[in-house]
Amino acid sequence: DKLRAAVAQRPGDVQGLELLARNERTLGNLSAAARAQEQLVAALGAKATANDEAALADILVTAAGGIVTAEAETAIAAALNKDPANGTGRFYAGLLEAQVGRPDLAFRLWNALLADSPPEAPWVGFLRDQLPEVAAAAGTEFRDPSLKGPGATDVAAAAAMSTGDRAAMIKGMVGGLEERLLAKGGSAAEWAQLVRALGVLGEKDRA
């Protein structure tokens, strides 16, 4: 309450606005957080960073129940204009495309973002869950960049080769993955990848 009063008296106080936006959001007052973040961006003017704009987009989307509104779209565009590599901006740009019926563009944006993101990025889990479905809607294949080994396209190409060439391909692409999983274990996605690869190659019992 004291912070709200202080900001009301000094509406151009950048530090106060930053604290107010953060604390309103923590309290779940998303509309108030959005207003404070909007005031912060306006107060910063040309000094507002891509992260400032992306934070505004994040609050607006959250307040709208996950929908990218026109106001949020403007903030996303501002963030990416200042920094095309901004992760939050790229994530919401992909979400917007998915929501307007463009899974092809959503897949392109999200697939590139996942490849560029560290494992601890907050959107990584969501992207890994959603990208297979988005890829299917876009008529393409999703291959998780964190998984080593052949994708479906690689394995299909191997299946079309001669017996000798295919054996060499299997040894190079599947063998290493299988040995690692049998020796050290792995995620469910990695085991599923190995099973699919062996199945396509006709190694049913081995799969």
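These exercises work through the helices of a predicted model.

Local features here need pLDDT of at least 70, side-chain atom pairs count only at pLDDT 80 or more, and totals for chains, interfaces and linings use all residues. Residues are numbered from 1 along each chain as its sequence is written, and side-chain values use heavy atoms, with hydrogens and water left out.

**Exercise 1. State how many helices and strands the protein chain has, and what share of its residues is buried.**

Step 1. Count the elements. The protein chain has 11 helices and zero strands. Helices (H or I, at least four residues) and strands (E, at least two) are DSSP runs, numbered from the N terminus.

Step 2. Take the burial. Of the 207 residues, 36% are buried. Buried means under 20% relative accessible area, exposed over 50%, and partly exposed in between, with a 1.4 Å probe and protein chains only.

Step 3. Look at the contacts (heavy atoms within 4.5 Å). Among those between residues at least 6 apart in sequence, 44% join residues at least 24 apart.

**Exercise 2. Check the span of helix 3 (residues 30–44) against the expected value, then find what its buried residues pack against.**

Step 1. The expected span is 1.5 Å times one less than the number of residues. Helix 3 has 15 residues, so it should span 21 Å. Its end C-alpha atoms are 21 Å apart, which agrees.

Step 2. List the buried side. Among its buried residues are Leu30, Ala33, Gln37, Leu40 and Leu44.

Step 3. Find the partners. The buried residues of helix 3 pack against helix 2 and helix 4 (50–63).

Step 4. Look past the end. Glycine 45, just after helix 3, has a positive phi of about 60 degrees.

**Exercise 3. Decide whether leucine 19 is buried, partly exposed or exposed.**

Step 1. Place the residue. Leucine 19 lies in helix 2 (residues 14–26).

Step 2. Apply the cut-offs. Its relative accessibility is 33%, so leucine 19 counts as partly exposed.

**Exercise 4. Describe how helix 7 (residues 103–116) and helix 8 (residues 124–138) pack.**

Step 1. Give angle and distance. The two helices pack at about 145 degrees, with axes 9 Å apart. Axes are lines fitted to C-alpha atoms, for helices over the stretch in contact, and angles run from 0 to 180 degrees between N-to-C directions.

Step 2. Name the contact residues. Helix 7 contributes residues including Phe107, Trp110 and Leu114, and helix 8 residues including Phe126, Leu131 and Val134.
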